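Here are some short exercises to work through with the structure open beside you. Try each task before reading its solution.

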Amino acid sequence: MTTKYISIIAFFLISISSYCQTSKKDVDDYRIPKDLKSCFPILNKTLSDDEIRVVKTYPEDSIYFHKDFQYGADFFHAWKLYDGSRLTKYFNKKGLVGSHEIYETILISYHRYLNGQPIDLEGQIKKYQAKQKADDEEYLKRTERDTINGVYIPKDIKDCFVTLDSILEQSDIDTIKALPDRDKTIVYHHGLGTWIRNNWGLWGGSRLMAYFLNRGIEHPDSMSALILEYYYDWLNGKNDGWMTFDNPDVQ
């Protein structure tokens, strides 16, 4: 066989392989499924062969954490699981809430579908409901504690200032007070700010987290930023901002 024919055959095989890899459809070309059963035919047509292999062969409780799925496969975004799509509402009516809980349920159900196993959607939902109930109960317990893991948790914004005064070195307090303006406290986001978020329960739940949530501040980064900005104000005798925040109903 001549080199010319070998090259032609190699080109043909590469072309066939490329065609097989690109013959999958785009999940955005399909309408959002109306129920769990409608997901499977679309996943068959849109997931890559490698992704389907992972779903089929991995332990069902490990699929969500695989690198191909842990950041949200294409269908997570296309089906708007985080944005109240009709598929989200389908799961919500069955008692399952949370975009990532729904996402993992689809992956586990697809795994069982590919392996000819019973889907048992009701059993899956009950498992998530039990976990969510336990998480809610733990969160409520944490919001009632004044100390978590041996660290005092401030109850409100002014208590944050008093607590910071008690734990910071005077030189650190003076440095914060001497900043040109409150926006410059951003330099503490990954230092003192990280300590506040981790130790005052702004991620896992605390009475201080509940305090901020009640005032419409939902992200821990925003909570710690406000604490530092208002702390700067407080140190410099500028109290209108934090006092209004602390008492939003007082005009």
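**Exercise 1.** Find which residues Gln 124 touches, leaving out those up to four places away in sequence, and decide whether Gln 124 is buried or exposed.

*Solution.* Start with the neighbours in this predicted model: Gln 124 touches Thr 105, Ile 108, Ser 109, Arg 112 and Ile 119. Next, place the residue: Gln 124 lies in helix α7, which spans residues 121–143. Then look at the side chain of Gln 124, which makes a polar contact with the side chain of Ser 109 at 3.0 Å. Finally, check the accessibility: the relative accessible area of Gln 124 is 4%. The cut-off for buried is under 20%, so Gln 124 counts as buried.

**Exercise 2.** Work out which residues of helix α10 (192–199) are buried, and what they pack against.

*Solution.* First, list the buried residues of α10: Leu 192, Gly 193, Ile 196 and Arg 197. Now look down the axis: these residues cover an arc of only 135°, so they sit on the same side of α10. Then follow that packing outwards: the buried residues of α10 pack against α8 (157–167), α9 (170–177) and α12 (220–235). One last stop is Gly 201, just after α10, which takes a positive phi of about 70°.

**Exercise 3.** Decide where you should read the model with care.

*Solution.* Begin with the whole chain: the mean pLDDT is 90, and 90% of the residues reach 70 or more. Then turn to residues 8–22, where the pLDDT is below 50. Beyond near neighbours in sequence, this stretch has one contact in the model. Where pLDDT is low, the predicted coordinates should not be read in detail.

How values were computed
Residues numbered from 1 in each chain as written. Predicted model: local features only at pLDDT ≥ 70, side-chain atom pairs only at ≥ 80, totals over all residues. Heavy atoms only, no water. pLDDT = per-residue confidence, 0-100. Contact = heavy atoms within 4.5 Å. Helix = DSSP H or I, 4+ residues; strand = E, 2+ residues; numbered from the N terminus. Buried < 20%, exposed > 50% of the residue type's maximum accessible area, 1.4 Å probe, protein only. Polar contact = N/O pair within 3.5 Å; in protein donor to acceptor, adjacent residues only side chain to side chain. Arc of directions from axis to C-beta.
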